[in-house]
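Work through the exercises below with the coordinates open. Try each task before reading its solution.

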Amino acid sequence: MAGEWIPIDCNLGTKPEVMEIVGLTGQPVEVVGWRLIQLWSWAAMNTADGVLRTTPATIGMVCGGDESFWQAVAEVGWLTFDGKTCTIAGWDKRFSKAAKARANAAKRQDSFRKSRQSNAAPLRQRDASVVVRNAGPSPEERRGEKKTEEITPTTTSNGCTTKASSQPIAASASSDFVSDDPRECWQAFRDAWTACKRAAPLGTALNAIDPPRAYLDLWRAGDAKAALAALGQLGECRFFEKPISLSQFLNVWPKIETGGYRERKGSTSSKADDKPPPERWLDNYQPSNYRRPREVMELASKMKRAE
């Protein structure tokens, strides 16, 4: 975890004030820079307004150097000594809490701008694909012009020559259809759903090219082909009295695929070992008449005397 910190310029060693301090004191630039960093760090831990109750000699004991060194720092305008107090120049602008908050805010803004720039390219590609997908008909199509198909002659087995179109045949919506594009899978599923009599009509939003979220989750799980096969078996399911909706189908399609929902709703299949309940008590299980406690005692004494 980071502790207290102060902002330091990258060109601290080449600032005119630092070079002037080097010329006044004869100290190397790295010594001058380190002593200044020690002064600012010590002040950040002990003052909130940049004013310290200290003298040049005391600063020398804490941050290094002698009294003449810190007098030289005061001569370039970075310190001001007034009796027993010392004021650091530019404190509010560089070392105060407000200055640190501004520095952190600028860092966050820079990170935010970089993240937006990195995400801009995928968003532009997505918007371009949406524009192409939703584009209207071409000028030729609006004028009713039709493109001519290239005709390729082919020879049959009996020697006759026929002409066949070179246009590719569209994939049919069968249970064997599978594609890496969810839009193509959704189109095949939608065509099969429209052709099924036990499937309820889809809404306007579900007729779009992009698949709904529920079907997209199904496609991501790798169950698009199995769900399409279950849709082909929906006509055998007599359990549903009304056409089933898409949301209901996406919840029950695994059971449909395994042969469920074939019986009508409410019907029960009888088993071979089912027996009807008895219409009357058998003699062996006929309950005895009720006897009062006194009668029970008399009967017990009679049975004891008979023994």
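The exercises go from the whole chain to helix packing, the sheet and single residues. The model is predicted.

**Exercise 1. Overall inventory**

Task: State how many helices and strands the protein has, what share of its residues is buried, and what share of the exposed area carbon and sulfur atoms supply.

Solution:
- Step 1. Count the elements. The protein has 12 helices and 5 strands.
- Step 2. Apply the burial cut-off, under 20% relative accessible area. Of the 307 residues, 22% are buried.
- Step 3. Take the surface. About 23100 Å² is exposed, and carbon and sulfur atoms supply 53% of it.
- Step 4. Check the sequence range of the contacts. Start from contacts between residues at least 6 apart in sequence; 58% of them join residues at least 24 apart.

**Exercise 2. Helix 2 against helix 4**

Task: Classify the packing of helix 2 and helix 4 as parallel or perpendicular, and list the residues that meet.

Solution:
- Step 1. Choose the descriptors. Two packed helices are described by the angle between their axes and the distance between the axes.
- Step 2. Read off both. Helix 2 spans residues 29–46 and helix 4 spans residues 67–75; the angle is about 80° and the axes are 12 Å apart.
- Step 3. Classify. Angles of 65 to 115 degrees count as roughly perpendicular. Helix 2 and helix 4 are therefore roughly perpendicular.
- Step 4. List the contact. Helix 2 brings V32, R35, L36 and L39, while helix 4 brings F69, W70 and V73.
- Step 5. Sort by class. This contact of helix 2 with helix 4 has 6 nonpolar residues, 1 charged residue and no polar ones.

**Exercise 3. Helix 3 against helix 4**

Task: Repeat the analysis for helix 3 (residues 56–63) and helix 4.

Solution:
- Step 1. The angle is about 105°, with the axes of helix 3 and helix 4 8 Å apart.
- Step 2. Helix 3 and helix 4 are therefore roughly perpendicular to each other.
- Step 3. P56, A57, I59, G60 and C63 of helix 3 meet E67, W70 and Q71 of helix 4.
- Step 4. By class, the contact of helix 3 with helix 4 comprises 5 nonpolar, 2 polar and 1 charged residues.

**Exercise 4. The three-stranded sheet**

Task: Give the strand order of the open sheet of 3 strands and identify the strands at its edges.

Solution:
- Step 1. The order is 1-3-2, and the pairing is antiparallel.
- Step 2. Strand 1 (51–52) and strand 2 (79–82) each have a single partner strand, so they stand at the edges, with one side of each left without a neighbour in the sheet.
- Step 3. Count bridges. Strand 1 and strand 3 (residues 85–88) share 2 bridges, and strand 2 and strand 3 share 4.
- Step 4. Fix the register. L52 is opposite C86, and L79 is opposite I88.
- Step 5. Inspect the turn. The hairpin of strand 2 and strand 3 has 2 residues between the strands, and G83 there takes a positive phi near 70°.

**Exercise 5. Two loop residues**

Task: Decide whether V76 counts as buried or exposed, and find the phi of Y261.

Solution:
- Step 1. Place V76. This residue lies in the loop between helix 4 and strand 2.
- Step 2. Compare with the cut-off. The relative accessibility of V76 is 15%, so V76 counts as buried.
- Step 3. Find the contacts. Beyond neighbours within four places in sequence, V76 touches E17, E20 and I21.
- Step 4. Check a distance. The C-alpha atoms of V76 and V18 are 8.5 Å apart, with their positions 58 residues apart along the chain.
- Step 5. Turn to Y261. Its loop runs between helix 11 (246–257) and helix 12 (293–306). Phi of Y261 is near 60°, a positive value in a residue other than glycine.

Key: Residues are numbered from 1 along each chain as its sequence is written. This is a predicted model: local features need pLDDT of at least 70, side-chain atom pairs count only at pLDDT 80 or more; totals for chains, interfaces and linings use all residues. Side-chain values use heavy atoms; hydrogens and water are left out. Buried means under 20% relative accessible area, exposed over 50%, partly exposed in between (1.4 Å probe, protein chains only). Contact means heavy atoms within 4.5 Å. Accessible areas come from the Shrake-Rupley method with a 1.4 Å probe; for residues, only the protein chains shown count as cover. Axes are lines fitted to C-alpha atoms, for helices over the stretch in contact, and angles run from 0 to 180 degrees between N-to-C directions. Angles under 35 degrees count as roughly parallel, over 145 as roughly antiparallel, 65 to 115 as roughly perpendicular and the rest as oblique. Ala, Val, Leu, Ile, Met, Phe, Trp, Tyr, Cys and Pro count as nonpolar, Asp, Glu, Lys and Arg as charged, and the others, Gly among them, as polar. Two strands pair if DSSP finds at least two bridges between them.
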